[in-house]
Amino acid sequence: MANDSIAPSTKDDSDSTAHSEKPQDSPLSARILPNTFYESFISQSSKRRIEDPIRALLPLEDRPGVISLLAGKPNSSTFPITSLQFTLRDPVSGEDAPIALTDAELARALQYSGSKGLPDLIDWFIGLQEFSHGRHRGEGWDVTFGTGASDVLYKAINALLDPGDVALIESPVYAGVIPVFYATGCEMIEIGADQYGIDARGLREMLDKWPSDKPKPKLLYTVPYGCNPTGVTSTLERRLEILELAQKHNFLILEDDPYYYLYFGSAPRPPSYFALEREQPAVGRVIRFDSLSKVLSSGMRVGFLSAPQVIVDAVVMHTMNSNLQPPTFTQVLSLVMLKFWGYEKLQMHVDRVAEFYRARRDAFEGLMQKHLAGLAEWNTPEAGMFFWFKLKLQPGDASSISDLGDGEGDSEAVIRTKALENGVLALPGTVFHPSGRKTTYVRASFSLLPDDQMEEALRRLRRVILQTRGETASADS
């Protein structure tokens, strides 16, 4: 399925004309794409899905005066959980605040709920998008909750792609999303990246030369903050040019952003595609995936989709036809926590979380410089949890790291076999390319390990690299 790869630029040489125009003079309401625009984007499998007749009527149970004989809901008095209390850290004081669910909240948490998500939680997330991205109600988008962002990402991809459709994939890319695209039967075209983000110039050249007898790509998938695996945060210039290309060549942008709240770069955070789209000639091509799993609880699986209504409806229909609904228990706990904090305190919390990972990054990079200097090369990540580094497997290797996906040699055997035999577990770069092509790159996570284990892991990796190069490790390594 994987196809061509675009060689990335070595500097941020985006076409300045993509962002030199003045903001649109026409009101935003006049620039929102109509629902009919998405007809050609929705997949055939999504169009074949039909509404669950019971779940479609569930919202009517909340209508005043209605006595419902509708759903087969178990009687909550038979559930064994009778109360729930926990403590929640206050981002201002640092003190633990006791939280107890009311009887009504607990009863709600233990019962079935709608496929889209709890209405008041959806409303809170709409407010969060206004707080974080400046997007307002009535701008042609809606929100649905998922069992983590990966849940709504999977459903959105399946709502858009048919076998033979073309998808542009930022590469290297999150390895977990490759099987999702692969299963749709689409043609994946890898779009290279460098330390500034997607290679916009190469993408422009490819699209401008696109064969006239071949349908153009339906969508582009990208992780713009702290890209997994590269750690790269796309610059404002690159984002604007990608938006301009989406307008010109009529594709959607899947903005998968699990590390948005883990940005710790020295420069101001660039605006999201979702925010920048407000100034585009037509609004409604950005489909955004958010996650709070990295900052609240990865086990709770807190994620949501912000997208045009047609896309949200297709995802909700998929939920109806598969897992019925996201867990009500997770939603009620999330809502209680988030309402207790409010938007300002949530921001304070995520700022502290980002600072924690910045310190972890600095510690890991210091140890990389100590043990891997001359044996590996890397760019310093500005968000996320990962280092993406190129192994110098041949003595005298002086190749550039401007291309984040290539390099002479192959890290596969070194990492999967030799490193593991020496007690180090990491991921070889080949798994992050849809084509599975060879690369000397490796991804390492710095999120969990204490300093002593970080150092021991890198010391062991140093020995493996030196052995591969036919050299001997010094006594102190």
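**Figure 1. Pairing of strand β5 with strand β9 in the predicted model.** In β9, L219 is the bridge partner of A167. β5 and β9 (residues 219-222) run parallel and are joined by three bridges. Strand β5 itself covers residues 166-170.

**Figure 2. Strand β5 beside strand β6, with helix α5 between them in the chain path.** Five bridges link β5 to β6 (residues 187-191), and the two strands run parallel. Within this pairing, E170 of β5 stands opposite I191 of β6. Together with helix α5 (residues 178-184), β5 and β6 form a β-α-β unit, which is right-handed.

**Figure 3. Burial of the two faces of β5.** In a regular strand, side chains point alternately to the two faces of the sheet. V166, L168 and E170 lie on one side of β5, A167 and I169 on the other, and all of them are buried. Both faces of the strand are therefore covered. In count, five of the five residues of β5 are buried.

**Figure 4. The open four-stranded sheet and helix α10.** The strand order is β13-β14-β16-β15, and the pairing is antiparallel. β13 (376-378) and β15 (427-428) stand at the edges; each has a single partner strand, so one side of each lacks a neighbour in the sheet. Helix α10 (residues 328-372) packs on this sheet, where it touches β13, β14 (386-391) and β16. The direction of α10 makes about 15° with that of β14.

**Figure 5. Close-up of the β15-β16 pairing.** β15 and β16 (residues 441-445) run antiparallel and are joined by two bridges. L427 stands opposite R443 of β16.

**Figure 6. Helix α3 and the elements that cover it.** Helix α3 has 15 residues, which at 1.5 Å a residue should span 21 Å; the C-alpha atoms at its ends are 21 Å apart, in agreement with that value. Its buried residues are L121, I122, W124, F125, I126, G127, L128, Q129, S132 and H133. Covering these residues are, among others, the strands β4 (141-147), β11 (286-291) and β12 (302-308). The helices α8 and α10 also contribute to the cover. Just after α3, G134 has a positive phi of about 70°.

**Figure 7. Surroundings of Y260.** Y260 is placed in the loop between β10 (252-257) and α8 (273-276). With a relative accessibility of 6%, Y260 counts as buried, because the cut-off for burial is under 20%. Leaving aside residues up to four places away in sequence, Y260 touches S132, H133, Y225, R269 and R288. Two of these contacts, S132 and H133, are themselves among the buried residues of α3. The C-alpha atom of Y260 is separated by 44 Å from that of I67, 193 residues away along the chain.

**Figure 8. Surroundings of Q111.** Q111 is found in the loop between α2 (103-109) and α3 (119-133). Its relative accessible area is 15%, and Q111 is buried. Beyond residues up to four places away in sequence, Q111 touches K73, P74 and T328.

**Figure 9. Surroundings of Q309 in helix α9.** Q309 lies in α9, a helix of residues 309-321. Is Q309 buried or partly exposed? With a relative accessible area of 29%, Q309 is partly exposed. Not counting residues up to four places away in sequence, Q309 touches G140 and D142. G284 is 25 residues from Q309 along the chain, and their C-alpha atoms are separated by 9.5 Å.

**Figure 10. The whole chain, for orientation.** The protein chain contains 12 helices and 16 strands. Its C-alpha trace spans about 80 × 55 × 40 Å along the principal axes. A compact globule of 477 residues would have a radius of gyration near 23 Å; the value for the protein chain is 24 Å, which agrees. Buried residues account for 53% of the 477 residues. Of the contacts between residues at least 6 apart in sequence, 74% join residues at least 24 apart.

Methods. Residues are numbered from 1 along each chain as its sequence is written. Side-chain values use heavy atoms; hydrogens and water are left out. Buried means under 20% relative accessible area, exposed over 50%, partly exposed in between (1.4 Å probe, protein chains only). Contact means heavy atoms within 4.5 Å. Two strands pair if DSSP finds at least two bridges between them. Axes are lines fitted to C-alpha atoms, for helices over the stretch in contact, and angles run from 0 to 180 degrees between N-to-C directions. A crossover is right-handed if, with the strands pointing away from the viewer, the path from the first strand over the helix to the second runs clockwise. The expected span of a helix is 1.5 Å times one less than its number of residues. The radius of gyration is taken over C-alpha atoms; the globule rule is 2.2 Å times the number of residues to the power 0.38.
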